Amino acid sequence: TFGVALSAQAQTPDLSEPPAIDGDVVGDHGSVTIRMGIGLAETSPQYLSSQYFADILEERSEGRITVNIFPNSQLGDDVQMMEMLQTGTLDMSYPSSSPATTYVEELAVFDLPFLLPTRDAAVAVMNSDVAQGMLDAFDGTGIKALAFSENGYRQLSNSARAVESPEDVAGMDVGGLTIRTMENPVHLSIWQTLGANPTPMAFGELFSAMEQGVVDGQENPWSTILTSNFHEVQDYGSETRHVYTPFIMMMSERTWDRMDPEYQELVQDAARQSAAYEIQLSTEYDDWAREQLEERGMQITRLDDEQIAAFQEAVQPVYDEWAPRIGEDLIEQIQGIVEESMND
Ligand code: KDG
């Protein structure tokens, strides 16, 4: 309808055009159709960059490789879609790294709160050999991990009250906020430590859970909150930036193994290029999406350094609990990359 078309239009900022598609046309190795399931909506950087991925493959294969994208968790949530990749019932997916820790435990390093203070630092980490090692570690799981991009900095939203401090999350007299988390134990630990009542839940069920009051709130980047229309059921937002979550572009190993090496190389190439474009779009969305949410009536609390520090201090027990399990060496390696990027 008219209203829908208007709001969809309003929900895309003035974004960079995708880079021109370069590289040679590949040889004819037959027709391939790739079904790709994603969690987010058609206006998200995730979808727009997946479309670019599809365009690269289509153009460089002269139409022999087709990618069909299924948005809005319509084929399942991140956990289910990764299982479908393993069995070969789905060709590609694009989950957050957090639910993928069941396959590659080291990915949990990204779930540690306040570890990656700037986007440059996060990108430096994702471009590092350490991160490439995490992608390679999927070998043998039935999943071929192709590239990191970003979901981005997660922010808290809820329907109950403005949150400026850990005490507001815990709610002292009134009780802790009920917060949906991703299916990931470090995230559970973060929200338990802050005094909330965390409930892991599939992303696709989240909107109605908030609408029906099953949970008070959730946490996701502003772009996701906007493009999934969470502001319709969430009055309050807080710019906590508590976790930077990567996305991982993934393919079923069965699909990968069926493709000619030249096609494989093209897919790998297109994944890297579209992942870089996704990070660019996601960056452009960040402040813009927050402003859009404010315009749509969400009351957003910016936190100053001191207020952020209070959250950081409050979640210290999460490090104490998880650092030994994730690996002190790995954490130090990541912190080294962060420091280097901050000194550049
Ligand atoms: O496709 C990715 C989304 O399904 C998911 O990762 C979004 O961050 C997300 C969440 O909160 O589940």
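This report walks through the domains, core, ligand shell, sheet and a few single residues of a predicted model.

## Ground rules

Numbering starts from 1 along each chain, following the sequence as written. Since this is a predicted model, local features need pLDDT of at least 70 and side-chain atom pairs count only at pLDDT 80 or more, while totals for chains, interfaces and linings use all residues.

## Two domains and their contact

The chain splits into domain 1 (28–104 + 117–150 + 246–286) and domain 2 (155–243 + 290–343), with bounds that come from an automatic or database domain assignment. Taken over C-alpha atoms, the centres of the two domains sit 25 Å apart. Domain 1 puts 25 residues into the contact and domain 2 puts in 19 residues; here two residues are in contact if their C-beta atoms, placed from the backbone, lie within 7 Å.

On the side of domain 1 that touches domain 2, helix 3 (78–87), helix 4 and helix 11 each supply at least two residues. Helix 4 has the largest share, with four residues. (Helices are DSSP runs of H or I with at least four residues, strands are runs of E with at least two, and both are numbered from the N terminus.) By type, that side of domain 1 has eleven nonpolar, ten polar and four charged residues. For that tally, Ala, Val, Leu, Ile, Met, Phe, Trp, Tyr, Cys and Pro count as nonpolar, Asp, Glu, Lys and Arg as charged, and the others, Gly among them, as polar.

## The largest core

What does the largest nonpolar core look like, and which residues have the most contacts inside it? It has 87 residues, and the best-connected ones are L57, V125, M249, M250 and A271. Helix 11 (residues 261–295) gives the most to this core, at twelve residues. Both domains take part, since at least three residues come from each of domain 1 and domain 2.

A nonpolar core here means a set of buried Ala, Val, Leu, Ile, Met, Phe, Trp, Tyr and Cys residues joined through C-beta atoms within 7 Å. Buried means 20 or more other C-beta atoms within 10 Å of a residue's own, exposed means 12 or fewer, and partly exposed is in between, with C-beta atoms placed from the backbone. Leaving out residues up to four places away in sequence, L57 touches I65, V67, L266, V267 and A270.

## Around the ligand

There are 14 residues around the ligand, and the closest are I38, G39, S96, M182 and F203. A residue makes this list if its C-beta atom, placed from the backbone, lies within 6 Å of the molecule. The shell breaks down into six nonpolar, seven polar and one charged. Domain 1 and domain 2 each give at least three residues to the shell.

## The five-stranded sheet

One open sheet has five strands in the order 2-1-3-10-4, with mixed pairing. Two strands pair if DSSP finds at least two bridges between them. Strand 2 (65–70) and strand 4 (143–153) are the edges, each pairing on one side only.

Strand 10 (residues 244–252) runs antiparallel to strand 3, joined by two bridges. Strand 10 also pairs with strand 4 in the antiparallel sense, over nine bridges. M251 in strand 10 is the bridge partner of M92, and M251 is the bridge partner of K144 too. Is edge strand 4 enclosed or exposed? Eleven of the eleven residues of strand 4 are buried, so it is largely enclosed by the rest of the structure.

## Helix 7

Helix 7 (residues 185–193) has V186, H187, S189, I190, W191 and T193 as its buried residues. They pack against strand 6 (178–181), strand 7 (197–200), helix 12 (305–314) and helix 13 (316–326). Just after helix 7, G195 takes a positive phi of about 90 degrees.

## Loops worth a look

E62 and S73 are non-glycine residues with positive phi: near 50 degrees for E62 and near 55 degrees for S73. E62 is in the loop between helix 2 (45–60) and strand 2, and S73 is in the loop between strand 2 and helix 3. E62 is exposed, with 10 other C-beta atoms within 10 Å, whereas S73 counts as buried, with 21 C-beta neighbours inside 10 Å.

L107 is in the loop between strand 3 (92–93) and helix 4 (119–126). L107 is buried, because 26 other C-beta atoms lie within 10 Å. Not counting residues up to four places away in sequence, L107 touches S97, A100, T101 and M134.
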